[in-house]
Amino acid sequence: MKLHRGGWVPLVLSSVFLIIMYVWHYGTRRKHLFDMQSKVSMKWILTLGPSLGIIRVPGIGLIYTELVTGIPATFSHFMTNLPAIHQVIIFVCVKSVLVPYVPHKERYLIGRIGPKDYRLYRCIVRYGYLDVHKDDEDFENHLVMCIAEFIKMEAEGSAAIEGSVDGWMAVVRTSEKFGTRLVTSDRITSEETRSSSTATTIPNGKSATLQKLQAMYEHESPHLIHRRRLQFNLPYTDDHMYPHVNEELCELLQAKRAGVAYIVSHSHIKARRNSSFLKQLVFNLYSFLRKNCRASAVTLTIPHISLIEVGMNYHL
């Protein structure tokens, strides 16, 4: 009855918002299903060997994915086009759970992918729907400490965990227990370095050229470098019965000293050529919405100097 007096305006606005929400939901769902179907098989990873068939360079590679299980296709795409990858790979998945808040001590869910020699880990970072995604300056440090704690827990666990290929995960609490696992401190002077004789130091894996480039970047953009740098040391413990544990921890800390790289997928959604006109229109609108949304690197507060974007075309 009010259409001729202007009642058609809220109907048009609601229709526009409904179309946008449906297109976003449809495109996101199809992309997630495509990622689930395109997962890399564990059998293919095992056939590559511990080196994954390429050169393993010093450092930690954080591969962001939306999958909580399996290896995303971004990893195989990255390995196919680049001849080297980091010595430690961590698949990071940020998920929102159906609780208001997740305690910080229970936020990290850590697991292993494949045998221990492969140095592949999985981390699920859980947030509640009321949690604020702040710029956590200690994210890298917390992640390394959680993985170190997971390595200790796995060594102290049962033999069933030893043979687990993928799927077993544990909630690792970031508490004061890390004081017995790792020694963290701010950057110290040379005198303090000479006086600290109770810790096993791990050499820095960065070359002189990379250190010079990073120093130049920090000097030119000091407002972008705001993360606190910690020095990780491995204290002497009673781990002589687990030599492989100390070896894995030393390699993890050495990779942390070498640097952390964030590998994020930058996908382009396209419709297939034989698709209908309506489907092509929907995917074109979805691609337009994705281009005008906030980038994942901005949402996850990833430093620009450590960001690697891997582009992939999704033909749905």
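The following chat goes through a few features of this predicted model.

Q: What should I know about the model and the numbering first?
A: Local features in this predicted model need pLDDT of at least 70, side-chain atom pairs count only at pLDDT 80 or more, and totals for chains, interfaces and linings use all residues. Residues are numbered from 1 along each chain as its sequence is written, and side-chain values use heavy atoms, with hydrogens and water left out.

Q: OK, how are the strands ordered in the open sheet?
A: Seven strands form it in the order E5-E3-E4-E2-E1-E9-E10, with mixed pairing; strands (E, at least two residues) and helices (H or I, at least four) are DSSP runs numbered from the N terminus, and two strands pair if DSSP finds at least two bridges between them.

Q: And which strands stand at the edges?
A: Strand E5 (169-172) and strand E10 (307-315) do, each with a single partner strand, so one side of each has no neighbour in the sheet.

Q: How do E1 and E9 run where they are joined?
A: They run parallel, joined by four bridges, with E9 covering residues 260-270, and Ile 63 has Ile 263 in E9 as its bridge partner.

Q: Switching topic, where is Leu 52, and is it buried or exposed?
A: Leu 52 sits in the loop between helix H2 (42-48) and strand E1 (55-64), and its 1% relative accessibility makes it buried, a class that means under 20% relative accessible area, against over 50% for exposed and in between for partly exposed (1.4 Å probe, protein chains only).

Q: What about its phi?
A: Leu 52 is not a glycine, yet its phi is positive, at about 60°.
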